[in-house]
Amino acid sequence: MKGSYHVMVQNNRLRYEFDIRRNITIIQGDSATGKTTLVQMIALYARLGESSGIDIQCEKKCRTLDSPDWELVLPALHDTIVFLDEDHFFLKSDRFARLAQESDNYFVIMTRENLSNLPYSVEEIYGIHASGKYHDMRRVYNEFYHIYSSDTLLSKVKPDAVIVEDSNSGYDFFHDICTKKRIPCQSAGGKSNLRHALQKTDDKQVLVIADGASIGPEMNELTQFMKTHPGTKCYLPESFEWIILKSGLIDGSAVQELLARPQDYIESREYFNWERFFTHILTHYTKDTYLHYNRHKLNSAYLHDRARDAILAVMNLIDFE
């Protein structure tokens, strides 16, 4: 399944309207914000159809997954938007994560917990806002809003130290840049170690660089840390490979088209995480060229003046000087 889909779920009192564009969408928020009600309305429509008094409009089938035999039901679902409530006991299980990654469905998950077994994007974590846009005596309109956004987590910053999520090519690039500018740079050794790495640094202006495409489960901890350490900033592009593609080093209208609307090109069963897709595209387009890309060890060509400056230009809010 790929593409973005507009979903509208309503009855005579409530109306939810939102867009889904990735295979994992997380809906957070406190109790009584409408998360469970949305799932219940979809489940009721699945049982009773139009007689439920509920109307669902979407190009794809919408349904819930709450039966005891969910392990048998999920593999049989295809091209479906599956809505799940935090009360579903299996959400944090490795078995669910594995079946979800093997499926061609999209998942909308209502939860206040961090699902570390699922790599989901910082851009697809939402709350539900009750608006007066369609409000009258009977109906409340509910819309989704971003809780985090990679565009708003970072303001102009001149870092005293840099922490990079992993130890692959992205780290090689930033470590080289920082070394030349005499800025300490370390790898956290994985996104789950970012909080620990931050706690060990005494620098005032610390920049965290991580893959926005999969950092979602860590965002609550990171933002809580940032509240008490205002000098900490996050730069969360989709991935290092996305930065290179965005830089214009790889010519071609096809690359720019897929960067403009990646959801139209990324098949969820093949690429459960958008980071994997951008890595595949970059590797494909640079094969047999001087810019050939290896995710695990950076090609030194990316450190030459032209390539380095093009990549840094994408990161225009970061001053490494």
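So, how many helices and strands does the secondary structure of the protein chain come to? Ten helices and 13 strands. Before we go on, keep in mind that what we're looking at is a predicted model.

Let's get a feel for the whole chain. The radius of gyration is 21 Å, and the globule rule gives 20 Å for 321 residues, so the chain is as compact as a globular protein of that length. If you lay the C-alpha trace along its principal axes, it spans about 65 × 45 × 35 Å. Of the 321 residues, 54% are buried. The surface that the chain exposes comes to about 15,300 Å², with carbon and sulfur atoms supplying 46% of that. And here's one about contacts: take those between residues at least 6 apart in sequence, and 67% of them join residues at least 24 apart.

Okay, now zoom in on strand 1, residues 5-10. Is strand 1 largely enclosed or not, and why? Five of its six residues are buried, so the rest of the structure largely encloses it. Look at who sits beside it. Strand 2, residues 14-20, runs antiparallel to strand 1, and six bridges join the two. They make a hairpin, with three residues between the strands. Strand 1 also pairs with strand 4, residues 55-57, again in the antiparallel sense, this time over three bridges. M8 is a nice residue to click on here: its bridge partner in strand 2 is E17, and in strand 4 its bridge partner is Q57.

Next, a sheet further along the chain. This one is open, has four strands in the order 11-10-12-13, and its pairing is parallel. Strand 11 (185-187) and strand 13 (232-235) are at the edges with a single partner strand each, so each has one side left without a neighbour in the sheet. On average, neighbouring strands here are turned by 20 degrees against each other, if you ignore direction. Zooming in on one pairing, strand 10, residues 161-164, joins strand 11 in the parallel sense over three bridges, and the bridge partner of V162 in strand 11 is C185. Then there's helix 4, residues 169-180, lying across strand 10, strand 11 and strand 12 (206-209). Helix 4 runs at about 160 degrees to strand 11.

Last stop, the aromatic rings. A quick reminder: you describe a pair of aromatic rings by the distance of the centres and the angle of the planes. How many aromatic pairs does a search of the whole structure find? The search gives 13. Take Y5 and Y106: their ring centres are 6.0 Å apart and their planes are at 70 degrees, so this pair is edge-to-face. Y5 belongs to strand 1 and Y106 to strand 7 (residues 106-110), so the pair ties together parts that are 101 residues apart in sequence. Y5 is buried, at a relative accessible area of 9%, and Y106 is buried too, at 2%.

Now swing over to W70 and F90. Their ring centres are 4.3 Å apart and the planes are at 20 degrees, so this pair is stacked. W70 is in helix 2 (residues 70-76), while F90 is in the loop between strand 6 (80-85) and helix 3 (94-102), 20 residues apart. Both W70 and F90 are buried. They also belong to one aromatic cluster, which W70 and F90 form together with F89, F96 and F107.

Key:
Residues numbered from 1 in each chain as written. Predicted model: local features only at pLDDT ≥ 70, side-chain atom pairs only at ≥ 80, totals over all residues. Heavy atoms only, no water. Buried < 20%, exposed > 50% of the residue type's maximum accessible area, 1.4 Å probe, protein only. Pairing = 2+ DSSP bridges. Axes fitted to C-alpha atoms, helices over the stretch in contact; angles between N-to-C directions. Contact = heavy atoms within 4.5 Å. Rg over C-alpha atoms; globule rule 2.2 N^0.38 Å. Areas by Shrake-Rupley, 256 points an atom, 1.4 Å probe, with all protein chains shown as cover. Phe/Tyr/Trp six-rings, centres within 6.5 Å; stacked < 30°, edge-to-face > 60°.
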